[in-house]
Amino acid sequence: MNIILLGPPGAGKGTQARKLVDERGMIQLSTGDMLREARTSGTEMGLKVAGIMDRGELVTDEIVIGLIEEKLEGEKGGGFIFDGFPRTLAQADALGALLERHGENLDAVIEMRVEDEVLVARIVARSTCGMCGEVYNDETKPIPADGKCTNCGGTEFNRRADDNEDSLKTRLLAYYKQTSPLIGYYYAKGNLKPVNGLGEIDEVAGEIAAALGG
Ligand code: ADP
Ligand code: ZN
């Protein structure tokens with residue numbers, strides 16, 4: 001089964017993707033994570049996209065489609081979760097063609113619905129474990145008092161450079177201008193499954209499981 005997690009920044013795509021990986025052995029393909037990796041390892045492409053990402057703008061379709069194409073060649077197994085991709089109509093068309101070429105289907109597009117005020121509050125409170133990527137939130141899921149990640153015991157936590165109010169405004173605008181048209185696109189294709197992203201992590205996971213047919 002191949003699915004897309006679609007939703008604005010802070011909707012909880014990464015958190016739910018991690019659960020699907022743990023529980024169903026699916027493969028998470030997050031273009032945001034791939035781009036951050038390229039930056040950390042200092043590749044030419046990584047340097048090129050750094051400023052764009054920090055401002056909260058979208059990197060070019062060509063770059064992200066290339067990243068996804070590479071991963072699809074390399075991985076096989078429990079089904080793909082596309083997280084943060086596609087983000088434009090051109091990316092959506094490219095993904096359709098890529099999947100077809102690999103003899104794969106797109107089974108569902110989970111649209112995670114969360115109000116804007118909640119998104120902003122979530123993102124400015126967000127940090128992640130430097131070792132395993134577990135996501136924490138100052139309000140709703142604080143880093144444990146002993147300073148150790150509940151998942152891996154790691155003791156270093158990071159805040160993303162683009163998790164600040166200015167970049168966030170740009171990211172939200174990019175979402176509404178460039179990505180939200182995909183809701184209509186996938187609705188028309190009959191793939192869209194809206195899910196309420198406002199509940200507790202496990203409640204949202206339950207809704208996603210129901211949308212995927214258990
Ligand atoms: P968010 O939490 O805002 O959804 P991501 O971790 O998915 O963020 O992505 C971080 C940044 O990486 C984006 O703001 C954008 O600059 C870039 N990016 C990630 N995926 C894409 C994509 N599919 N197309 C264009 N840019 C992307
Ligand atoms: Zn950890």
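In the predicted model, helices α1 and α9 are roughly perpendicular to each other, because angles of 65 to 115 degrees are counted in that class and their axes cross at roughly 65 degrees. Helix α1 covers residues 13–24 and helix α9 covers residues 201–211, and the two axes come within 10 Å. The sense of this crossing is right-handed. On the side of α1 the contact is made by Thr 15, Gln 16, Lys 19 and Arg 24, while α9 contributes Ile 201, Asp 202, Val 204, Ala 205, Ile 208 and Ala 209. When the residues of this contact are sorted by character, five are nonpolar, two are polar and three are charged.

A second pair of helices is formed by α6, which spans residues 116–124, and α7, which spans residues 165–179. Their axes lie 11 Å apart and the packing angle is about 140 degrees, and α6 and α7 are therefore described as oblique to each other. The crossing of α6 and α7 is right-handed. In the contact, Asp 116, Leu 119, Val 120, Ile 123 and Val 124 of α6 meet Glu 165, Leu 168, Arg 171, Leu 172 and Tyr 176 of α7. This contact of α6 with α7 divides into seven nonpolar and three charged residues, with no polar residue taking part.

Helix α7 also holds Thr 179, which is buried, with a relative accessible area of 4%. Once the neighbours within four places in sequence are left aside, Thr 179 is found in contact with Leu 6, Pro 86, Arg 87 and Ala 174. Two of these partners recur in the parts of the model described next, namely Leu 6, which belongs to strand β1, and Pro 86, which lies in the loop between β3 and α5, the latter being residues 89–101. The peptide bond that joins Phe 85 and Pro 86 is cis, with omega at about -5 degrees.

Strand β1 consists of residues 3–6, and its side chains are divided between two directions, with Ile 3 and Leu 5 pointing one way and Ile 4 and Leu 6 the other way, although all of them are buried. Strand β1 pairs in the parallel sense with strand β3, residues 80–83, over three bridges, and within this pairing Leu 5 stands opposite Asp 83 of β3. Strand β1 is also paired in the parallel sense with strand β4, residues 108–113, in this case over four bridges, where the bridge partner of Leu 6 is Glu 111 in β4. Leu 6 thus appears both as the bridge partner of Glu 111 and among the residues in contact with Thr 179.

Another group of strands forms an open sheet of three, arranged in the order β6-β5-β7 with antiparallel pairing. The edges of this sheet are occupied by β6, residues 135–137, and β7, residues 157–158, each of which pairs on one side only. Strand β5, residues 126–129, runs antiparallel to β6 and is joined to β6 by three bridges; in this pairing Arg 126 stands opposite Asn 137 of β6. The hairpin of β5 and β6 has five residues between the strands, and Gly 133 in this hairpin takes a positive phi near 85 degrees. On the other pairing of β5, two bridges join β5 to β7, and these strands likewise run antiparallel, with Thr 128 standing opposite Asn 158 in β7.

Within this sheet, Arg 126 can be described in further detail, as a residue placed in strand β5. Arg 126 counts as buried because its relative accessible area is 18%, and the class of buried residues takes in values under 20%. Apart from neighbours within four places in sequence, Arg 126 is in contact with Val 135, Tyr 136, Arg 159, Arg 160, Asp 163 and Arg 171. One of these partners, Arg 171, is also among the residues of α7 that meet α6, whereas Val 135 and Tyr 136 fall within the residues 135–137 of strand β6. The C-alpha atoms of Arg 126 and Thr 155, which stand 29 residues apart along the chain, are separated by 16 Å.

Key: Residues numbered from 1 in each chain as written. Chains lettered and ligands numbered in written order. Predicted model: local features only at pLDDT ≥ 70, side-chain atom pairs only at ≥ 80, totals over all residues. Heavy atoms only, no water. Pairing = 2+ DSSP bridges. Axes fitted to C-alpha atoms, helices over the stretch in contact; angles between N-to-C directions. Parallel < 35°, antiparallel > 145°, perpendicular 65-115°, else oblique. Left-handed = near helix turned anticlockwise from the far one by under 90°. Contact = heavy atoms within 4.5 Å. Nonpolar A, V, L, I, M, F, W, Y, C, P; charged D, E, K, R; others polar. Buried < 20%, exposed > 50% of the residue type's maximum accessible area, 1.4 Å probe, protein only.
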